[in-house]
Amino acid sequence: MSVNLRKAAIIGCGAVGAASAFSLMESKLFSELVLLDVNQAKAEGEAMDISHGTSLISPQRIYAGTYDDIADAAVIVLTAGAAQKPGETRLDLIHKNISIHSSIMAEIRRVKPQGILLVVANPVDILTYYASKASGMPEGRVFGSGTVLDSARLRNAIGNVLDVDSRSVHASIIGEHGDSEIAAWSHANVSGVPLADFFALRGMGEMDMNAIEEKIANDVRRSAYEIIQRKGATCYGIAVSVSRICSAIVKDEKSILPVSTVLHGTYGIDDCALSVPAIVGSKGIEGLVPVALSEEERTELLESAKLLKNNMEGITF
């Protein structure tokens, strides 16, 4: 079966799945969008609601379906799983969501989809690793949304501090999408200008910069907790991140994005999924982009991988 580049599927119609469906509808990337959920009525309701906006955007067929409908989808977005609650870390969700994903992987193995499997549910790095082993799909076609959202939060915060368009800021979060994530300050810049020089341009000294960087990194790391405490769930930022990744896939953009993928020796990390800059195109992960990290950042990245691997102990793949 050939891939339909104009078709996407979303598995899981909770807050993130529904928001992602709406974002994809608005993006006009697809002409066909199938929604799946263990609660069929929920999938039907979301499909009906979102489809009512298509006459104001572009012709699209949006409907609730079954696993048989995902076989030819260009992208399968996996958001199903227990949501993070106030006080919970993403890693607290491991066993609940592995249990949920076990049955989903069985269905994916059955239908043998030919597109890309994009894991979004948390803990995204561990679930990405699990999907790479349990889906039966080639490893390069299975990856997670990783720290695309975290990196967007980072760029937004830097742009606010420096009073520049955040789209001109080039900076990434790498490692776990979670508490051990790393802000890779060593290669951050604003339109090619090193961050330290831009801080100086704005009249800020090295002490100011160090304090601001520490605060920004902590604020980005805490963002999800702060949002969940106030409104119960994060959904819009990740939904836009899903659209951005889908655009890179279906348009074969070869975009460099910090997505979660299984590493095999890169940065000294083996057999563990976490986020590093990768080339994303129609075939999925088409290569990793080596980034010159500082010694401290490399150490932190190794510690992030160690934390993830420790939390995978006892999980059957």
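This is a guided tour of one protein structure, taken selection by selection.

**The whole chain**

Start with everything displayed, and keep in mind that the model is predicted. The protein has 9 helices and 14 strands. Along the principal axes, the C-alpha trace spans about 60 × 50 × 35 Å. The radius of gyration is 19 Å, which agrees with the value near 20 Å for a compact globule of 317 residues. Of these 317 residues, 53% are buried.

**Strands S1, S2 and S4**

Select residues 4–11, which are strand S1. Now add residues 32–36, strand S2. S1 and S2 run parallel and are joined by 5 bridges. To see one position in this pairing, show alanine 8, which stands opposite leucine 33 in S2.

Next add residues 73–78, strand S4. S1 pairs with S4 over 5 bridges, in the parallel sense. Here the position to show is isoleucine 10, with valine 77 of S4 opposite.

Hide S4 and add helix H1, residues 15–27. S1, H1 and S2 together make a β-α-β unit, and the unit is right-handed.

**The largest pocket**

Where is the centre of the largest pocket? Select Thr79, Ala80, Gly81, Ala82 and Ala121, which lie nearest the centre among the 38 lining residues. The space in this pocket comes to about 720 Å³.

Then colour four helices: H1 (15–27), H3 (94–111), H5 (148–162) and H7 (206–231). Each of them supplies at least two residues of the lining of the largest pocket. By residue class, this lining divides into 20 nonpolar, 15 polar and 3 charged residues.

**The second largest pocket**

Keep H5 coloured, as this helix also supplies residues to the lining of the second largest pocket. The volume of the second largest pocket is about 450 Å³. Select Ser151, Arg155, Val169, Ala171 and Leu257, which are the closest to its centre of the 23 residues in the lining.

Which element gives the largest share of this lining? The answer is H5, with 6 residues. S7, helix H8 (236–250) and strand S12 (255–264) each supply at least two residues as well. The lining of the second largest pocket is made up of 12 nonpolar, 8 polar and 3 charged residues.

**The sheet that contains S7**

S7 leads to the next stop. Select S7, S10 and S11: these 3 strands form an open sheet, in the order S7-S10-S11, with antiparallel pairing. Why do S7 and S11 each have one side without a neighbour in the sheet? Strand S7 (169–170) and strand S11 (193–194) stand at the edges and have a single partner strand each, so one side of each is left free of a neighbour.

Zoom in on strand S10, residues 189–190, which 2 bridges join to S11. Show valine 190 and its bridge partner in S11, valine 193.

**Aspartate 163**

For the last stop, select aspartate 163, in the loop between H5 and S7. Is aspartate 163 buried or exposed? Its relative accessible area is 63%, and a residue counts as exposed over 50%, so aspartate 163 is exposed.

Finally, add glycine 136 and draw a line between the two C-alpha atoms. Glycine 136 and aspartate 163 are 27 residues apart in sequence, and their C-alpha atoms are 47 Å apart in space.

Technical notes: Residues numbered from 1 in each chain as written. Predicted model: local features only at pLDDT ≥ 70, side-chain atom pairs only at ≥ 80, totals over all residues. Heavy atoms only, no water. Pairing = 2+ DSSP bridges. 1 Å grid on protein atoms, 1.4 Å probe; cavity = no way out; pocket = protein on both sides within 12 Å on 5 of 7 lines; lining within 4 Å. Points joined across faces, edges and corners; volume = space filled by probe spheres on them. Nonpolar A, V, L, I, M, F, W, Y, C, P; charged D, E, K, R; others polar. Right-handed = clockwise from strand over helix to strand, strands pointing away. Rg over C-alpha atoms; globule rule 2.2 N^0.38 Å. Buried < 20%, exposed > 50% of the residue type's maximum accessible area, 1.4 Å probe, protein only.
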